[in-house]
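Please open the structure in your viewer and keep the sequence beside it, since this tour moves from one selection to the next and says what can be found at each stop.

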Amino acid sequence: MNKKHTPGPWEAVIYKKSCGNIRGMVVRNDQAGSFVDEIPIAFISELKTGTNEATANARLITAAPDLLAMLRRITLSCILEGTPYEDRAIELINKAGGRS
């Protein structure tokens, strides 16, 4: 499966639903006015992890598009300089793109 992810930037917002007592963090696209910002990328529940861990997980997920972009830039530099990390970096980029 080789599908593109939802483009960044992403943001994490608090999600509270009074019926059913559902609480957590929603990660969504941060493009104001876009239809995509209404479709959650991820929901991180507070039920088992608690608020602090759910918030930390949401921040990590929110950073994913930027982390992947930076890894791509660093990998290009590694390839050009011939460093020993390029193979692992390429594996991680492929894994993020569904090509593992």
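Begin by colouring the protein chain by confidence, for this is a predicted model, and its pLDDT averages 78, with 83% of the residues scoring at least 70. Among the helices and strands, confidence is highest in helix 1, at a mean of 86, and lowest in strand 2, residues 22–29, at a mean of 78.

Next, switch to a cartoon view and follow the chain from its N terminus, where the elements run in the order β-β-β-α-α, which comes to two helices and three strands. If you then colour the chain by burial, 21% of its 100 residues appear as buried. Of the contacts with a separation of 6 or more, 26% join residues 24 or more positions apart.

Now select W10, M25, V27, A42, I44, A54 and A58, the seven residues that make up the largest nonpolar core. Strand 2, strand 3 (40–45) and helix 1 each supply at least two residues of this core. In soluble globular proteins, nonpolar side chains tend to be buried together.

Stay with the core and centre the view on V27: which residues does V27 touch, once those up to four places away in sequence are set aside? The list holds W10, E11, A12, P40, I41, A42, I44, A58, I61 and T62, and among these W10, A42, I44 and A58 belong to the largest nonpolar core.

From there, move on to the largest pocket, which has a volume of about 210 Å³, and select the residues that line it, namely H5, W10, L60, A64, P65, L67, L68, L71, L92 and A96. W10 is therefore worth keeping highlighted, as a member of the largest nonpolar core that also lines the largest pocket by the definition of a lining residue. Helix 1 (51–81) and helix 2 (86–96) each supply at least two residues of this lining, and helix 1 gives the most, with six. By character, the lining divides into nine nonpolar residues, one polar and no charged.

For the last stop, select T75, which lies in helix 1. Is T75 buried or exposed? T75 has a relative accessible area of 4%, and because this is under the 20% cut-off, T75 counts as buried. Show its surroundings as well, and, leaving aside neighbours within four places in sequence, you will find T75 in contact with E86, A89, I90 and I93.

Key. Residues numbered from 1 in each chain as written. Predicted model: local features only at pLDDT ≥ 70, side-chain atom pairs only at ≥ 80, totals over all residues. Heavy atoms only, no water. 1 Å grid on protein atoms, 1.4 Å probe; cavity = no way out; pocket = protein on both sides within 12 Å on 5 of 7 lines; lining within 4 Å. Points joined across faces, edges and corners; volume = space filled by probe spheres on them. Helix = DSSP H or I, 4+ residues; strand = E, 2+ residues; numbered from the N terminus. Nonpolar A, V, L, I, M, F, W, Y, C, P; charged D, E, K, R; others polar. pLDDT = per-residue confidence, 0-100. Core = buried A, V, L, I, M, F, W, Y, C linked by side-chain atoms within 4.5 Å. Buried < 20%, exposed > 50% of the residue type's maximum accessible area, 1.4 Å probe, protein only. Contact = heavy atoms within 4.5 Å.
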